[in-house]
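Hi everyone, thanks for making time this morning. I'd like to walk you through a model I have been looking at, so please have a look at the screen.

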Amino acid sequence: MAGVHGHGDPGLQPERTSLAWSRTSLALVVASAMFLRWLPTHGWYAVSLVFSALALAIVINSTQRCRYGRGSATIRQEAGRASVGAVLALAVAVVALSAVGIVAVLVLPVP
Amino acid sequence: MAAGETPAETTGRGRLAARMLRGGTEPDPRFTLANERTFLAWIRTSLALLAGGIAVEAFTADLFVPAVRKAVALLLLVLALVLGSGAFFRWLRVERAMRSGTPLPLPALAPILAIGGGITAAVLLVVVVLRPA
């Protein structure tokens, strides 16, 4: 990863895109903090939710450099390359967190 | 596309991309990145609703009766789920439209969010108005 090259885009698209991923990872941290409130009543269920949301945020942040380099490369090559894997993985994770939240509200005992 | 120019960077179009986005030509990279940011904005909206739903369930025990608390939390969480999955399909359809040069699909998610948010707000309003002083 030594050579993350620049790009000639005055619209700063790669930078804005990696910042959008950063904001998303922060939103994940906020969501994971909400699950902390279930800790006293839901125990391990809550712990696993907190850690999976935090792990996803960490993965997003640790791949930022790679993402910026990839975005710059597509600008230099004038050929867009969709990040299908990252987009699909994030969507699946958010849907799973919502589904697990719905299950918790419906099934788990109210304190 | 000039494959093999910068090997570490061009290995990107893997099997998944080839299968889900076949046909057409590689679009303007600025538009691909803009589509990705729009997807992320929808995902953050979904995450905000998720956090809101969990917060209602976890923090409003002495504010709402259990039925209201459950209903509002479920409304927000279901909306989060719908927007989260809808965000992906919208991203995919926009990317496909850009590859083939066809008109972009309308954002069906926007009215869903507006109606869902409106229903939730209306439920809360009724609850607040009917609450004994």
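I'll go through the two chains, then the core, and then a handful of individual residues.

One thing to keep in mind from the start: this is a predicted model.

Let's begin with chain A. What is it built from? Chain A has five helices and zero strands, so to speak an α-α-α-α-α order when you read from the N terminus. Its C-alpha atoms fill a box of roughly 55 × 20 × 20 Å along the principal axes. The radius of gyration tells a similar story: chain A has 18 Å, where a compact globule of 111 residues would have a value near 13 Å. Of those 111 residues, 44% count as buried. If you take the contacts in chain A with a separation of 6 or more, 76% of them are between residues 24 or more positions apart. And the accessible surface of chain A comes to about 5200 Å², with 72% of it belonging to carbon and sulfur atoms.

Now over to chain B. Here too we have five helices and zero strands, and the elements run α-α-α-α-α from the N terminus on. Chain B is more spread out than a compact globule, because its radius of gyration is 21 Å, well over the 14 Å that the globule rule gives for 133 residues. Along the principal axes, the C-alpha trace of chain B spans about 70 × 30 × 20 Å. One pair gives you a feel for distances in this chain: B:Val126 and B:Gly86 are 40 residues apart along the chain, and their C-alpha atoms are separated by 29 Å. B:Val126 itself lies in helix 5 of chain B, and at 47% relative accessibility it counts as partly exposed.

A few totals for chain B as well. Of its 133 residues, 43% count as buried. Residues 24 or more positions apart make up 70% of the contacts with a separation of 6 or more. The accessible surface of chain B is about 6900 Å², and 69% of that belongs to carbon and sulfur atoms. On the charge side, chain B carries 14 positive and 8 negative side chains, and the centres of the two sets lie 9 Å apart.

So, on to the core. Which residues touch the most other members of the largest nonpolar core? They are A:Trp38, A:Leu90, B:Phe39 and B:Leu50, out of 53 residues in that core. At least two core residues come from each of helix 1 (13–35), helix 3 (44–62) and helix 5 (84–107) of chain A, and likewise from each of helix 2 (15–20), helix 3 (29–59), helix 4 (66–100) and helix 5 (109–130) of chain B. Helix 4 of chain B gives the most, with 13 residues. As background, nonpolar side chains tend to be buried together in soluble globular proteins.

Let's zoom in on B:Phe39. Not counting residues up to four places away in sequence, B:Phe39 touches A:Val87, A:Leu90 and A:Ala91, along with B:Ala87, B:Phe88 and B:Trp91.

Another residue to find on your screens is B:Thr32, in helix 3 of chain B. Is B:Thr32 buried or exposed? It counts as buried, because its relative accessibility is 2% and the cut-off for buried is under 20%. Leaving aside its neighbours within four places in sequence, B:Thr32 is in contact with A:Gly80, A:Arg81 and A:Ala82, and also with B:Pro27, B:Glu95 and B:Met98.

From the chain A side, take A:Ile102 in helix 5 of chain A. A:Ile102 is buried, with a relative accessible area of 15%. Which residues is A:Ile102 in contact with, leaving aside its neighbours within four places in sequence? They are B:Leu74, B:Leu77, B:Val78 and B:Leu81.

Last stop, some backbone details in chain A. A:Leu12 has a positive phi of about 50 degrees although it is not a glycine. A:Leu12 lies in the segment before helix 1 of chain A and is partly exposed, with a relative accessible area of 40%. A:Glu78 also has a positive phi, near 55 degrees, and is a residue other than glycine. You'll find A:Glu78 in the loop between helix 4 (64–77) and helix 5 of chain A, and at 46% relative accessibility it counts as partly exposed.

That's my tour, and I'm happy to take questions.

Technical notes:
Residues are numbered from 1 along each chain as its sequence is written. Chains are lettered from A and ligands numbered from 1 in the order in which they are written. This is a predicted model: local features need pLDDT of at least 70, side-chain atom pairs count only at pLDDT 80 or more; totals for chains, interfaces and linings use all residues. Side-chain values use heavy atoms; hydrogens and water are left out. Helices (H or I, at least four residues) and strands (E, at least two) are DSSP runs, numbered from the N terminus. The radius of gyration is taken over C-alpha atoms; the globule rule is 2.2 Å times the number of residues to the power 0.38. Buried means under 20% relative accessible area, exposed over 50%, partly exposed in between (1.4 Å probe, protein chains only). Contact means heavy atoms within 4.5 Å. Accessible areas come from the Shrake-Rupley method with a 1.4 Å probe; for residues, only the protein chains shown count as cover. Lys and Arg count as positive and Asp and Glu as negative; His and the chain ends are not counted. The place of a charge is taken as NZ of Lys, CZ of Arg, CG of Asp or CD of Glu. A nonpolar core is a set of buried Ala, Val, Leu, Ile, Met, Phe, Trp, Tyr and Cys residues joined through side-chain atoms within 4.5 Å.
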